[in-house]
Amino acid sequence: MVAEPARSGKPAPGRFVHRLTPVPAPAGETRLNLRGFFGVFRYSRRAIELVWSTSRALTVAIAALTVVAGALPAAVAYVGSLIVDAVVAAMRAPGGDATYVIQLVILEGVLVATIAAAQRGLSLCQSLLRAQLGQRVNVMILEKALTLELQHFEDSEFYDKLTRARREASSRPLSLVMRTFGLVQNGISLVSYGTLLIHFSPWAVAVLLLAGLPAFVAEAKFSGDAFRLFRWRSPETRMQMYLETVLAREDHAKEVKLYNLGSRLLQRYRDIFNRLYREDRALTIRRDVWGFGLGLIATVALYGAYAWIALSTVRGLITLGQMTMYLMLFRQGQAAVSASLSAVGGMYEDNLYLSTLYEYLETEVPPDTGVATRGPHPEDGIRFENVGFTYPGASEPALENVTLHLKPGSSLALVGENGSGKTTLIKLLTRLYRPTTGRILLDGLDLNAWDERALRERIGVIFQDFTRYQMLVGENVGAGDEAYFEDEQRWREAAQKGQASDFIETLPAGYHTQLGKWFREGRELSGGQWQKIALSRAFMRTRADILVLDEPTAAMDAQAEAEVFEHFRQLARERITILISHRFSTVRMADQIAVLDRGRVIEHGSHDELMAANGRYAHLFTLQARGYR
Ligand code: ADP
């Protein structure tokens with residue numbers, strides 16, 4: 001087994017870490033050991049299992065064809081020797097009869113045709129499997145993605161695994177299986193050649209196998225190095241991929257052009273390539289020099305054996321037919337050995353892929369322990385009790401000692417500078433993250449005890465970076481309540497409340513207008529229009545009794561924002577509304593206001609109370625109010 005590359009400090013989420021100095025290989029990894037050697041087969045079993053469970057019929061067919069394609073070449077060589085000997089015998093016999101010779105020739109023709117059929121069959125099965133397997137692996141990847149927590153997606157290394165796993169999902173598992181079967185096929189051939197060759201001399205068999213061995217071992221070792229090299233450099237390849245996205249995608253093009261960033265970013269892209277290329281080149285050169293040198297041994301062995309066989313024939317120890325056969329066995333044996341070599345080289349790369357895939361698929365997801373669908377005190381609403389939270393890998397807490405109580409029917413506004421922890425509070429409330437300290441109660445029950453689905457159904461959230469689905473306008477609204485995703489009546493009602501219906505009706509296909517640039521005739525909306533869509537989405541959640549608006553109205557004017565919030569409050573008689581906004585004209589309408597500063601609640605009360613206290617809130621409010629005058 002190839003050891004995992006040592007990982008130096010985990011990069012902070014979202015940040016790119018230049019890690020150019022290769023991590024030293026763990027002791028014992030520099031020399032080739034047997035486990036390293038067999039590393040090529042590490043994932044073969046799993047790949048075969050995957051193929052087996054995808055299509056048993058095709059797997060059986062491939063296995064059977066592999067055996068046929070592996071065993072028959074030796075038979076062809078054997079029949080070939082019989083033909084030569086029969087020809088010689090017929091020439092010597094007076095009035096020689098050629099019927100036997102013709103029969104043998106026909107037999108050989110049939111055998112060769114069978115081999116061709118088997119090979120054709122193998123590539124047919126391969127094409128059929130490729131489609132099925134690609135789909136299967138992609139579905140596995142996406143199904144896993146559904147079970148992951150938000151923090152996984154925000155972890156750069158994890159994200160890396162996910163993208164790499166998706167990128168080659170359709171080709172790698174199949175390639176590993178085919179190469180494994182290819183090795184088996186060549187192995188069968190070699191064994192069958194050996195069985196025939198052993199009649200000439202057991203030493204010849206030894207020469208055939210041993211001559212190929214050094215090159216085989218070298219190939220395995222260098223492929224192992226390549227494997228490790230690829231794994232270490234994932235931050236660089238990730239940066240390259242990111243640069244590709246920035247340079248070539250429509251959502252970035254605007255800024256890249258206006259700020260003239262293009263050539264600088266492209267230069268970075270080139271630099272990374274050049275660095276990686278230097279490392280690659282060194283490895284490739286070493287690999288090929290060694291490959292050539294050790295390959296020479298095989299050639300020398302082949303011609304040594306050639307001479308030996310020829311001499312034996314001259315001395316009359318073997319027949320002419322046997323000579324033809326042994327030479328053919330040797331040549332084809334060599335070809336089988338070198339085919340195995342290149343299979344091994346490719347298998348390491350496939351293993352690399354499969355290791356990422358399985359690491360991703362086996363990511364541990366904390367079990368969802370909660371089962372409760374209701375709490376003991378529905379009249380109690382939401383309570384934050386001394387809640388603290390630190391992002392994984394962060395040194396400073398994002399929230400500390402937050403205590404708040406929200407009764408049904410009340411509203412809360414969160415105020416604070418960027419980065420003061422407002423969104424984090426919402427992420428905790430929606431259980432996208434779990435508090436590091438303290439607890440959050442809903443209806444008198446710890447959030448952790450709630451069944452995830454039941455909990456999420458209670459809450460409707462519109463984040464500031466809400467998702468702009470490249471789907472129909474109506475579906476963008478319907479996304480707010482999965483059960484009514486395609487319910488046109490509901491779309492219309494929600495859009496009405498979210499003040500989006502006016503502009504939606506002016507769109508060419510109304511609610512059925514396709515949005516987004518990815519699709520032909522896809523329309524783009526303005527920022528404010530998108531926000532209205534997002535708000536309408538929140539209004540879809542008629543069953544949710546907690547509504548959270550995280551600055552979704554920033555692109556609207558102050559008047560529209562205030563109207564929207566008022567609308568929400570009216571609709572929300574028994575609901576809890578939480579609003580994050582920088583506009584105090586809206587904030588003041590909330591029943592309670594909490595001012596956050598670096599993760600702590602520094603002021604808390606109604607607008608009037610906070611104004612009377614004349615603290616931070618009063619200061620900010622006056623400042624903004626002056627701006628409006
Ligand atoms: P606000 O919503 O008030 O602007 P946030 O709650 O988004 O602030 O962020 C609070 C703090 O947590 C900030 O210091 C921010 O850098 C940090 N933070 C936010 N999201 C993450 C994350 N996914 N990983 C690590 N730190 C984060």
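Salt bridges and accessibility

Q: Why is the meeting of the side chains of Arg383 and Asp380 called a salt bridge?
A: The term asks for a side-chain nitrogen of Lys or Arg within 4 Å of a carboxyl oxygen of Asp or Glu, and the N to O value for Arg383 and Asp380 is 2.9 Å, so the pair fits. This is a predicted model, in which local features need pLDDT of at least 70, side-chain atom pairs count only at pLDDT 80 or more, and totals for chains, interfaces and linings use all residues. Residues are numbered from 1 along each chain as its sequence is written, and side-chain values use heavy atoms, with hydrogens and water left out.

Q: What makes Asp380 count as buried or exposed?
A: Buried means under 20% relative accessible area, exposed over 50%, and partly exposed in between (1.4 Å probe, protein chains only); Asp380 has 13%, so Asp380 counts as buried. Arg383, with 28%, is partly exposed.

Q: How do you know that Arg46 and Glu362 tie together parts that are apart in sequence?
A: Their side chains meet in a salt bridge at 2.6 Å, N to O. Arg46 lies in helix H2 and Glu362 in the loop between helix H12 and strand E1, so the pair ties together parts that are 316 residues apart in sequence. Helices (H or I, at least four residues) and strands (E, at least two) are DSSP runs, numbered from the N terminus.

Q: Why does the pair Arg456 and Glu452 count as a salt bridge?
A: The closest N and O atoms are 3.7 Å apart, which is within the 4 Å cut-off, so Arg456 and Glu452 qualify. Both lie in helix H14, four residues apart, about one turn of the helix.
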